[in-house]
Amino acid sequence: MKYLFFDIECSNCFNGVGKMCEFGYVLCDENLNVMKKGDIPMSPGKGEGSRFHLRGRKNEKDLELAYEYDYYFNQPEFPSFYNQIKRLMEEPDTVCFAFSMDNDIPHLYHACTRYKLAPMNYICYDVQKLAGRYLEKKGQMSLKNACLEIVGPHSLVQLQEHLSRDDAMMEKMIFEAICLLQQTKPTELLEQSNFAKTNSLDYMKRIKAHAKRKREKTDGHNLYRKYIIDDDELDKAEYVGKRYNVSAAVKSHLDELKKAIDVIKTKDGIFSNRLDKTDYFIVLDEKNKEEIIKATNGRFSGEFVLLKDLLAQ
């Protein structure tokens with residue numbers, strides 16, 4: 001068994017997609033002895049979208065990288081290092097570690113897809129989650145603070161924060177310290193840590209599915225808003241048809257929402273957002289119905305209609 005601790009730095013992260021400019025790693029044997037380590041600076045690419053944007057960001061701390069920006073731009077881009085990194089990540093009997101894999105797994109995935117290269121397939125543990133569980137702390141904590149609390153106040157003396165190789169070394173030190181403090185072997189700690197484990201490709205499938213649901217929810221709300229009659233207009237004599245309301249869960253299923261709107265329109269239905277002005281409340285399923293009943297505290301006196309029943313009409 002080999003353990004690969006890795007860290008990624010990016011020049012920016014516009015729209016949630018980082019442009020990689022550094023890959024650092026520490027490769028250890030099964031006893032956590034360092035076999036190999038290094039950092040790989042690379043150009044984030046050409047064009048305005050690849051520029052460095054790490055200072056003056058809203059609600060974000062300024063970030064100082066290990067090298068000057070010109071140095072990164074003078075290096076080859078990610079494809080030149082793809083095979084080297086892929087061998088490290090995917091070598092048999094290798095387990096990977098990142099600190100906050102919510103960042104590093106997508107960064108590496110997007111670098112591959114950006115250059116039309118096959119995404120890498122590896123098992124990864126999140127050292128941030130391991131540290132949080134050990135310290136019994138909720139929420140996210142920084143790599144530096146986790147290292148200071150678990151490894152000790154002098155742990156960073158010879159390490160440079162945001163030098164990717166040194167950040168990877170901090171991950172290794174945290175993992176090793178937890179093993180020592182809990183008097184457990186690395187393999188035993190991993191057996192207890194499924195909560196911090198994922199497969200990189202499965203993880204990205206979940207991320208993309210979540211992003212799709214989020215887009216559909218936004219599009220669904222925007223679409224439904226076009227048909228809603230304003231509250232102060234509902235009492236006018238011209239609006240005499242049955243009033244329909246649609247749950248947020250239905251709006252999150254865009255294709256089904258479109259069909260539901262078409263069915264309601266064929267019934268000359270009126271779209272409302274007011275419970276006291278609603279005859280039929282369209283819900284996704286029985287669970288969604290119970291959620292609406294609980295949220296409205298029984299204030300809705302109309303009839304609930306399951307989406308599948310409406311579409312079957």
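**Exercise 1. Overall build**

What percentage of the 313 residues of the protein chain count as buried? Then work out why the chain is described as more spread out than a compact globule.

*Solution.* Keep in mind that this is a predicted model.

- Step 1: Of the 313 residues, 45% count as buried.
- Step 2: Look at the secondary structure, which comes to twelve helices and ten strands.
- Step 3: The radius of gyration of the chain is 26 Å, whereas the globule rule gives 20 Å for 313 residues; the value is well over the rule, so the chain is more spread out than a compact globule.
- Step 4: Turn to the box that the C-alpha atoms fill: along the principal axes, it is roughly 80 × 50 × 35 Å.
- Step 5: Among contacts with a separation of 6 or more, 68% join residues 24 or more positions apart.

**Exercise 2. Checking a helix**

Test whether the length of helix α3 (residues 101-114) agrees with its number of residues, then list its buried residues.

*Solution.*

- Step 1: The expected span is 1.5 Å times one less than the number of residues. For the 14 residues of α3 this gives 20 Å.
- Step 2: The end C-alpha atoms of α3 are 19 Å apart, which agrees.
- Step 3: The buried residues of α3 are Met-101, Asp-104, Ile-105, Pro-106, His-107, Leu-108, Tyr-109, Ala-111 and Cys-112.
- Step 4: Follow the chain onward: just after α3, Lys-116 takes a positive phi of about 55°.

**Exercise 3. Reading a sheet**

Find the strand order in the open sheet of four strands, and name its edges.

*Solution.*

- Step 1: The order is β8-β7-β9-β10, with parallel pairing.
- Step 2: β8 (270-271) and β10 (303-306) each pair on one side only, which makes them the edge strands.
- Step 3: Between them, β7 (residues 243-246) pairs with β9 (residues 280-283) over three bridges.
- Step 4: Asn-245 stands opposite Phe-281 in β9.

**Exercise 4. The nonpolar cores**

Which residues of the largest nonpolar core touch the most other members, and which element gives the most to this core?

*Solution.*

- Step 1: This core has 30 residues, and Tyr-3, Phe-5, Phe-97, Ile-174, Phe-175 and Leu-190 touch the most other members.
- Step 2: Elements giving two or more residues to the core include β1 (2-14), β4 (94-98) and α7 (186-191). The most comes from α6, with nine residues.
- Step 3: Take Leu-190 as a case: leaving aside residues up to four places away in sequence, Leu-190 touches Tyr-3, Val-95, Phe-97, Tyr-125 and Phe-175.
- Step 4: Another core, of 29 residues, lies apart from the largest one; among its members are Tyr-25, Ala-98, Met-120 and Tyr-122.

Notes
Residues are numbered from 1 along each chain as its sequence is written. This is a predicted model: local features need pLDDT of at least 70, side-chain atom pairs count only at pLDDT 80 or more; totals for chains, interfaces and linings use all residues. Side-chain values use heavy atoms; hydrogens and water are left out. Buried means under 20% relative accessible area, exposed over 50%, partly exposed in between (1.4 Å probe, protein chains only). Two strands pair if DSSP finds at least two bridges between them. The radius of gyration is taken over C-alpha atoms; the globule rule is 2.2 Å times the number of residues to the power 0.38. Contact means heavy atoms within 4.5 Å. A nonpolar core is a set of buried Ala, Val, Leu, Ile, Met, Phe, Trp, Tyr and Cys residues joined through side-chain atoms within 4.5 Å.
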